[in-house]
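This briefing is meant to be read with the sequence and the coordinates at hand. It moves from the overall fold to individual contacts.

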Amino acid sequence: FGTSYGSQKFFATLQQPTVNIGEPYQGGIVAYIFQPEDPGYVVGETHGIIVSSQDIAYTTWYPPNSLVTGTTGYEIGTGAANTTTIINFVGDENQNCAALKCVLYDFGGYYDWFLPSLNELMKVYENKGEIGGLSNGYYWTSTKDGLSGDYARIVGFSIGDAFSTPSLNTNAVRAC
């Protein structure tokens with residue numbers, strides 16, 4: 001019955017960094033900022049996709065990928081899991097594996113790079129003008145074609161076409 005007071009407490013809220021697509025951030029370049037319908041979106045927080053500032057390899061996906069299962073995730077947020085699955089299968093034996101090239105990439109003090117899923121790489125393509133430095137060639141995704149044996153998905157950065165190609169083909173690799 002009355003008013004009482006405790007000791008005075010001070011606090012500060014963390015301000016989310018203001019980042020824009022195409023700006024350098026955490027060892028790479030901001031390629032996409034999550035929207036409300038995206039997995040990983042959190043109200044009041046800024047999250048998104050960061051892409052390496054350069055192509056890190058020109059290599060094969062991994063021969064033969066028909067033995068690798070569980071890498072058919074294509075949605076935003078599945079690239080890291082796909083990459084882990086590939087690496088768990090491959091180990092560090094095949095130095096020409098696109099996923100392994102991403103895992104071994106260590107630029108800007110960051111070591112958590114992965115081979116992007118199909119939809120993650122499509123977001124990179126959609127913002128390639130702001131990102132800069134991307135070729136008009138084809139880039140590997142971590143998404144295996146679930147129906148076609150030794151095929152994996154690539155994205156053409158000339159017109160944004162996505163399709164399956166043999167995993168023994170050689171294409172560019174950009175880490176996320």
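The notes below cover the fold, the strand pairing, one helix, the aromatic pairs, a polar contact and the largest pocket.

The model is a predicted one, and its secondary structure comes to four helices and eight strands. Along the sequence these elements follow the pattern β-β-β-β-α-α-α-α-β-β-β-β. Of the 176 residues in the chain, 42% are buried.

**Strand pairing**

- Strand S5, which covers residues 138-144, runs antiparallel to strand S6, residues 151-156, and four bridges join the two; within this pairing, Trp140 stands opposite Ile154 of S6.
- Strand S6 is also joined to strand S7 (residues 162-166), again in antiparallel fashion and through five bridges, and here Arg153 has Ser164 of S7 as its bridge partner.
- The hairpin made by S6 and S7 has five residues between the strands, and in this hairpin Gly160 adopts a positive phi near 80°.

**Helix H3**

- Helix H3 spans residues 118-126, and seven of its nine residues are buried, so the helix is largely enclosed by the rest of the structure.
- The buried residues of H3 are Leu118, Glu120, Leu121, Met122, Lys123, Val124 and Tyr125, a list in which Glu120 and Lys123 appear alongside Leu118 and Leu121.

**Aromatic pairs**

- Across the whole structure, a search finds six aromatic pairs.
- One of them is formed by Tyr105 and Phe107, whose ring centres are 6.2 Å apart and whose planes meet at 15°, so this pair is stacked; the angle falls under the 30 degrees that serve as the limit for stacking.
- The two partners are classed separately for burial: Tyr105, at 10% relative accessibility, counts as buried, whereas Phe107, at 40%, counts as partly exposed.
- A second pair, Tyr125 with Phe157, is edge-to-face, with 5.5 Å from centre to centre and 85° between the planes.
- Because Tyr125 belongs to helix H3 while Phe157 sits in the loop between S6 and S7, this pair ties together parts of the chain that are 32 residues apart in sequence; both Tyr125 and Phe157 are buried.
- Tyr105 and Phe107 also belong, together with Trp113, to one aromatic cluster.

**A polar contact from helix H1**

- Asn82 is found in helix H1, and with a relative accessibility of 3% this residue counts as buried, the cut-off for that class being under 20%.
- The side chain of Asn82 reaches the backbone oxygen of Gly73 at a distance of 2.7 Å.

**The largest pocket**

- The largest pocket holds about 500 Å³ of space, and 24 residues line it, with Gln26, Gly48, Ile49, Ile50 and Asp112 lying nearest its centre.
- The elements that contribute two or more residues to this lining are strand S2 (28-33), strand S3 (48-51) and helix H1 (79-90); helix H1 is also the element in which Asn82 is found.
- Sorted by class, the lining of the largest pocket consists of 15 nonpolar, seven polar and two charged residues.

Key
Residues numbered from 1 in each chain as written. Predicted model: local features only at pLDDT ≥ 70, side-chain atom pairs only at ≥ 80, totals over all residues. Heavy atoms only, no water. 1 Å grid on protein atoms, 1.4 Å probe; cavity = no way out; pocket = protein on both sides within 12 Å on 5 of 7 lines; lining within 4 Å. Points joined across faces, edges and corners; volume = space filled by probe spheres on them. Nonpolar A, V, L, I, M, F, W, Y, C, P; charged D, E, K, R; others polar. Buried < 20%, exposed > 50% of the residue type's maximum accessible area, 1.4 Å probe, protein only. Pairing = 2+ DSSP bridges. Phe/Tyr/Trp six-rings, centres within 6.5 Å; stacked < 30°, edge-to-face > 60°. Polar contact = N/O pair within 3.5 Å; in protein donor to acceptor, adjacent residues only side chain to side chain.
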